[in-house]
Each structure stands twice: as structure tokens, then as C-alpha cells.
Amino acid sequence: MYKKSIVIIVLALTLAGFLFFMPYFFAKKTPARMIDRLPNAEFIGQTDLLNLAKETSGMLYHFKIPFRDLGSAEFILGQGKIYGLDLQKPVYLFGNTNGDIGAMISLSDSSKTRQAIDKIRKKAILSDSSTKHHIAYYLPEIKLYIHFGHQYLLLYKGDSFRKIERRVSEAKFLNVSPLWKSYLSKKIFKKEHLVIYSEWSEIKKAGLDYIMLAHDSDSLNLEMKYYLRKNKGFNFKPNTNGLGFEEAEKADRSINIHMNVAKFKNSTSDPLKSLLIKLGKKISFPTQAFFDSWEGDLSFFEGGKQTAKERIIVSELDEDFNVTEVVKYQDVIVPGYSVLFNTNEKGEIFFNQLFKKGLLRKDEGGYRFLFSPLLKMEKKDGYYQFYSGQQAPKMIPSLDNKLNWKFQGTSYLFHLDSINRKEIFGTVRFPAQKLYKKLKIKRSS
């Protein structure tokens with residue numbers, strides 16, 4: 001009787017264990033989600049393609065871009081449905097500074113995507129390295145790799161396709177990479193239609209933890225909002241007063257900085273300060289001496305033309321027909337060039353360093369900095385002012401922190417909108433006209 005009881009108990013426990021663990025033995029494996037598959041890169045992000053198309057439609061029509069209807073949200077959505085793309089979900093982006101770029105797109109019907117591949121095959125050379133469990137194609141004409149599964153499509157241009165494809169195809173459920181998990185947890189720019197995030201090593205060297213960029217535009221300009229994060233806090237903040245040049249607003253290139261830099265210049269471990277000192281060494285600029293003397297205001301502009309007096313020596317005949325050399329001055333047109341900054345009692349030390357290193361030199365009664373035109377100098381209330389014209393440019397109260405730089409005919413405006421202890425918000429803006437002209441030329445060529 002005792003042995004029978006033991007057998008019954010063992011059988012009962014075995015049956016209970018079987019029933020308990022059966023769901024684990026026979027459970028269907030949960031497939032990886034799109035966010036589990038996303039590859040790491042120096043820059044990652046996402047776009048709401050349909051709303052981005054709506055946002056840029058005004059610009060396309062303003063510049064009368066040919067075939068602009070092809071960029072409408074309705075057309076893009078329709079084409080997506082034809083080829084099995086679910087464009088109502090985010091399109092995820094990734095890329096590196098070496099030129100490698102890629103995108104991950106959700107699929108609603110992979111059979112339609114396969115049909116699209118067949119259509120491409122009829123019109124272009126398409127290398128097929130697919131196997132029974134692996135779908136991969138390569139378009140050599142545009143150097144594009146294509147890989148897809150039941151729920152995703154990978155588009156990639158670069159030299160690491162196999163590595164990227166393995167990450168995408170072999171991903172496990174709930175295995176989001178730490179980089180993507182960090183980005184997806186951020187609340188900044190949640191309502192924007194194109195967002196880029198980076199923890200690139202070069203950004204870390206500047207002392208930042210990460211940066212974020214978001215696209216914005218109107219019918220005339222392209223704008224990129226930027227967000228900089230430093231968990232240890234920034235060692236500078238906007239000044240409450242300052243002076244700048246009035247003419248700087250109209251110059252081809254200009255810089256306006258008005259910062260309280262007391263904590264920044266006294267820091268011995270600020271990564272940004274260390275980086276600037278390292279860059280200054282490339283031209284032997286005494287960056288440390290500048291920081292020691294600088295009080296936070298810097299205004300510079302270059303562009304346009306100014307009238308200046310040029311000293312010349314001419315030979316003349318006197319009444320007795322003797323040749324004598326006479327010093328005269330004539331008006332000449334010189335490039336507009338002015339710089340203004342304020343210093344403390346260590347300003348003289350900084351200037352002595354500039355003279356010693358040959359970066360600043362006296363010439364013809366004025367000064368030259370590297371390859372600048374001849375400059376006059378004035379000093380007033382701790383402010384040094386160098387300028388190329390006959391009169392010093394007008395100084396006005398200024399608190400803006402911005403940089404305007406003309407490059408290859410296009411002006412780029414970098415504006416710092418706000419700073420708090422750990423965050424910087426700003427914008428980069430440039431006119432879209434030249435970009436669309438280039439696109440138009442490429443399309444017609």
C-alpha cells in the first residue's frame with residue numbers, strides 16, 4: 001500500500017510539472033519587433049515620412065520643382081501600399097561619417113515587396129544572393145543593398161552589409177540596443193517629423209553626452225533645430241549685457257558671442273576648453289591666454305567694402321627739377337573687416353603672446369592679423385576694436401549669440417536660442433533656393 005502511494009504521488013507531481021511547464025515547451029516563439037532589429041551607428045533617428053512630405057510641400061510648390069506631385073503625402077502613401085510598405089509607421093534611419101547609411105521600413109505585405117523586386121529585376125541589374133531563409137539583393141548601379149523579412153525592409157549603402165543584415169535578421173524579442181533604447185526614451189522633439197540622434201565619440205570629446213537634430217522648414221528656408229545635452233552641466237551662460245557691431249547683421253560672415261565665461265575659463269577639466277586649446281595650437285594661437293583675459297564679448301564681421309587711407313611714396317620734381325620722394329595718402333577700397341572683444345587686466349599679456357608668435361604685427365601705422373587687411377585699433381573701457389575702414393563701425397547693445405557664415409554663395413545662420421544648466425537649444429537656417437537649383441540641374445543633366 002505504501003509503495004502504491006509513492007507511485008501515485010510521483011505520477012501526480014510529474015503530471016503537475018508537465019502541465020505547468022507545457023506552455024514553455026510548446027509556446028510559439030515571439031518574433032522580434034522592428035525596434036529590436038535596429039542597427040547601431042554614429043547617427044540614428046527616424047522620420048514620419050508622410051507628415052514630412054506635407055511639411056515640405058509648400059517649398060516644392062514655391063520653387064516650382066518638376067514632378068512635385070510625386071513628393072506629396074498622398075502619392076507616397078499610395079505607392080507604399082502598392083509595394084507593401086507601411087509608411088504610416090516610422091521609418092528608422094542610421095548612418096556613419098564614413099558615408100554608410102541605411103533605413104528600416106515596416107512592411108504590411110511582404111509578398112507585394114517581392115513583386116516590386118521582380119519589377120526592378122526587369123529594368124536594372126540586380127544581384128541575388130538569397131537563400132531559402134535569407135533574402136538579399138544588390139543594385140550595383142546605385143550601390144544599394146536590399147534585405148527584407150515578413151515585417152521589415154532594410155535598405156543599406158555601405159561596406160558592412162553582412163554585419164548589418166545579421167543584426168537585423170537575427171534579432172531577438174525585447175533585445176533593443178542600448179543606443180536605440182536611449183534615443184527612444186528621450187522626450188525632446190517628439191512631435192517633429194525628422195529627428196537625428198547621436199552619441200558619436202567626437203561629440204563626447206567636446207564634453208557633450210549627446211545631440212539631437214530636428215528638421216523644420218517654411219516655403220523659403222530649411223531649418224534644423226538642435227539640442228545639446230551635457231549631464232555635468234555647461235560652464236557658461238548667456239550674458240545679461242554686451243556690445244556688438246551694428247553692421248554685423250548685413251555682413252557675409254559674422255560672429256556674435258555674449259557669454260558669462262567666468263566659470264568656463266577657470267575650469268581645468270572642461271572638455272570643450274581643452275578641444276579649443278588643441279585646435280588653437282594648429283596655428284600657434286595662444287588660446288589659454290585669450291581665455292584668461294576674455295570677458296565674454298566677441299563680435300566679428302567680414303564682408304562688403306570700406307574706404308581706407310593708403311600711404312604711398314611718389315617721386316616728384318621740385319622747382320629745381322630735383323627728384324624728391326613725397327609721402328601721400330590716397331583713398332582705397334578694402335574688404336570690410338572688424339573685430340571687437342573685451343578683456344580684463346590680462347589683455348596686455350594676450351596681445352604680447354600674439355606679437356611674439358607673429359600672429360599680430362604692426363605694419364604701416366596699423367596692424368595685421370595673419371592675412372587680414374591693414375587694421376586700425378581703438379581701446380575703450382576694456383574693449384579692443386580692430387577695423388579696416390577709416391572709421392570704427394558703430395557698436396550697439398547686443399545679447400544675441402549667433403554665427404552667420406557664407407559658404408559657396410549660401411548663408412548659414414547658427415543661432416543659440418537658450419541655455420540652461422545642462423541643455424542648449426538652437427537653430428541652423430539656410431535658404432533653400434540654391435539647394436533646389438542644384439537638384440534641378442542634376443535632374444536635367
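Leaving aside residues up to four places away in sequence, E199 touches E42, L179, S182, K204, D209 and Y210, and these contacts, like everything described below, are read from a predicted model. The residue sits in the loop between β8, which covers 194-198, and α8, which covers 201-205. One of its contacts, Y210, lies eleven residues away along the chain, and the C-alpha atoms of E199 and Y210 are separated by 4.7 Å.

Two polar contacts of the E199 side chain add detail to this picture. The side chain of E199 is joined to the side chain of S182 by a polar contact of 3.3 Å, and S182 is also among the residues that E199 touches. A further polar contact, of 2.4 Å, links the side chain of E199 with the side chain of Y197. Is E199, with these partners, buried or exposed? The relative accessible area of E199 is 28%, and because this value falls between the 20% limit for buried and the 50% limit for exposed, the residue is described as partly exposed.

From this loop the reader can turn to strand β6, which spans residues 144-148. Four of the five residues of β6 are buried, and the strand is therefore largely enclosed by the rest of the structure. Which strands does β6 pair with? One partner is β5, residues 136-139, which pairs with β6 in the antiparallel sense over four bridges, and in this pairing L139 stands opposite L144 of β6. The two strands form a hairpin with four residues between them, and K143, which lies in the turn, has a positive phi of about 55°.

Another partner of β6 is strand β7, residues 152-157, which runs antiparallel to β6 and is joined to it by four bridges. Here F148 stands opposite L153 in β7, and β6 and β7 likewise form a hairpin, with three residues between them. Strand β6 thus takes part in a hairpin with β5 and in a hairpin with β7.

A last stop along the chain is S418, which belongs to strand β22, residues 410-419. With residues up to four places away in sequence left out of the count, S418 touches E423, I424 and F425. The C-alpha atoms of S418 and Y227 are separated by 9.9 Å, although these two residues are 191 residues apart along the chain. The relative accessible area of S418 is 33%, so this residue, too, is partly exposed.

Key
Residues numbered from 1 in each chain as written. Predicted model: local features only at pLDDT ≥ 70, side-chain atom pairs only at ≥ 80, totals over all residues. Heavy atoms only, no water. Buried < 20%, exposed > 50% of the residue type's maximum accessible area, 1.4 Å probe, protein only. Contact = heavy atoms within 4.5 Å. Polar contact = N/O pair within 3.5 Å; in protein donor to acceptor, adjacent residues only side chain to side chain. Pairing = 2+ DSSP bridges.
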